[in-house]
Amino acid sequence: MNLPNKLTLLRVVLIPVFVVLLLLEGGQNYTLRIAALIVFCIASFTDFLDGQIARRNNLVTNFGKFMDPLADKMLVLSAMCYFVEIGLMPGWVVAVVLLREFGVSGLRLLAVEQGIVIAAAWSGKIKTGVTMVALGILIIATQPWFPAPGVIAVICWVLILATTLYSGIEYFVKNIGVFKHCA
């Protein structure tokens, strides 16, 4: 197993560690919250790092193509579900993110059946980056000393929604031809 795939697996292993740190002591322990943020940042950084290493060193594998985006979704959705649980994010925001992810994955499956590869778009990479930064901010925004956590939360999930919707729409508009061959 090459280094990029090991980094992807590390991200998957870090997800339950991150969630447990969020949940311990009801999420009210500052030290545990900072530890959760550090684990989240490390996991998020492995997303950037594994792709860079794989492309730079020609280590792109089918496992990596499959597992890397899955690991990203697992990390992001774990955090978002936690924020829904504590009332910092409405469930419909998670639903929009899920619909975009399922939609783009379905589009890619249709394209593969036609021998078309839909590469990751820059808007999708920006969406992932914005989402991870916003979720990192939300991890800290739950602390009582944080100024205006409700306002910060709304700003974070609006940014997540805006980049999610834009990138999802872009994928479908640029690849509308995939549907012409489905009928």
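Arg-11, Asp-47, Asp-50, Asp-68 and Asp-72 are joined in a network of salt bridges, a salt bridge being a side-chain nitrogen of Lys or Arg within 4 Å of a carboxyl oxygen of Asp or Glu. The model is predicted, so local features need pLDDT of at least 70 and side-chain atom pairs count only at pLDDT 80 or more, whereas totals for chains, interfaces and linings use all residues. Residues are numbered from 1 along each chain as its sequence is written, and side-chain values use heavy atoms, with hydrogens and water left out.

Within the network, Arg-11 pairs with Asp-47, and the closest N and O atoms are 3.9 Å apart. Arg-11 belongs to helix 1 (residues 3-23) and Asp-47 to helix 2, so this pair ties together parts that are 36 residues apart in sequence. Helices here are DSSP runs (H or I, at least four residues), numbered from the N terminus. Both partners, Arg-11 and Asp-47, are buried; buried denotes under 20% relative accessible area, exposed over 50%, and partly exposed the range in between (1.4 Å probe, protein chains only).

Thr-46 is part of helix 2 (residues 30-56). Thr-46 has a relative accessible area of 4% and is therefore buried. Apart from neighbours within four places in sequence, Thr-46 is in contact with Leu-7, Leu-10 and Arg-11, where contact means heavy atoms within 4.5 Å.

The structure holds eight salt bridges. One of them joins the side chains of Arg-100 and Glu-101, at 3.2 Å from N to O, and both of these residues are buried. Another is formed by Lys-174 and Glu-170, with 3.3 Å between the closest N and O atoms. Lys-174 and Glu-170 are four residues apart in helix 6, and are therefore separated by about one helical turn. An α-helix has 3.6 residues a turn, so residues three or four places apart point the same way. The two partners differ in accessibility: Lys-174 is exposed at 61% relative accessibility, while Glu-170 is buried at 16%.

Helix 6 itself comprises 26 residues (149-174), which at 1.5 Å a residue should span 38 Å; the end C-alpha atoms are 37 Å apart, in agreement with that figure. The expected span is 1.5 Å times one less than the number of residues. Among the buried residues of helix 6 are Ala-153, Cys-156, Trp-157, Ile-160, Leu-161, Thr-164 and Tyr-171. The buried residues of this helix pack against helix 3 (62-85), helix 4 (91-113) and helix 5 (122-141). Thr-164 offers a specific case, being buried at 0% relative accessibility. Leaving aside neighbours within four places in sequence, Thr-164 is in contact with Val-96, Val-97, Arg-100 and Lys-127.

The nonpolar interior comes next. In soluble globular proteins, nonpolar side chains tend to be buried together. A nonpolar core is defined as a set of buried Ala, Val, Leu, Ile, Met, Phe, Trp, Tyr and Cys residues joined through side-chain atoms within 4.5 Å. The largest such core has 36 residues, of which Phe-18, Phe-40, Met-80, Phe-83, Met-89, Leu-135 and Leu-138 touch the most other members. Helix 1, helix 2, helix 3, helix 4, helix 5 and helix 6 each give two or more residues to this core. Met-89, setting aside neighbours within four places in sequence, is in contact with Met-80, Phe-83, Val-84, Val-94, Leu-135, Leu-138, Trp-157 and Ile-160. Another core, of seven residues, lies apart from the largest one and includes Leu-107, Ala-121, Tyr-171 and Val-178.

On the surface, Met-1, Leu-9 and Phe-63 make a nonpolar patch of about 270 Å². Patches consist of residues with over 30% relative accessible area and no salt bridge, like charges being joined within 9 Å and nonpolar side chains (Val, Leu, Ile, Met, Phe, Trp, Tyr) within 5 Å. Accessible areas come from the Shrake-Rupley method with a 1.4 Å probe, and for residues only the protein chains shown count as cover. Leu-9 lies in helix 1 and is partly exposed, with a relative accessible area of 31%.

Two loop residues remain to be described. Asn-58, in the loop between helix 2 and helix 3, has a positive phi of about 50° although it is not a glycine. Asn-58 is exposed, at 68% relative accessibility. Ala-148, in the loop between helix 5 and helix 6, likewise is not a glycine and has a positive phi of about 50°. Ala-148 is partly exposed, with a relative accessible area of 42%.
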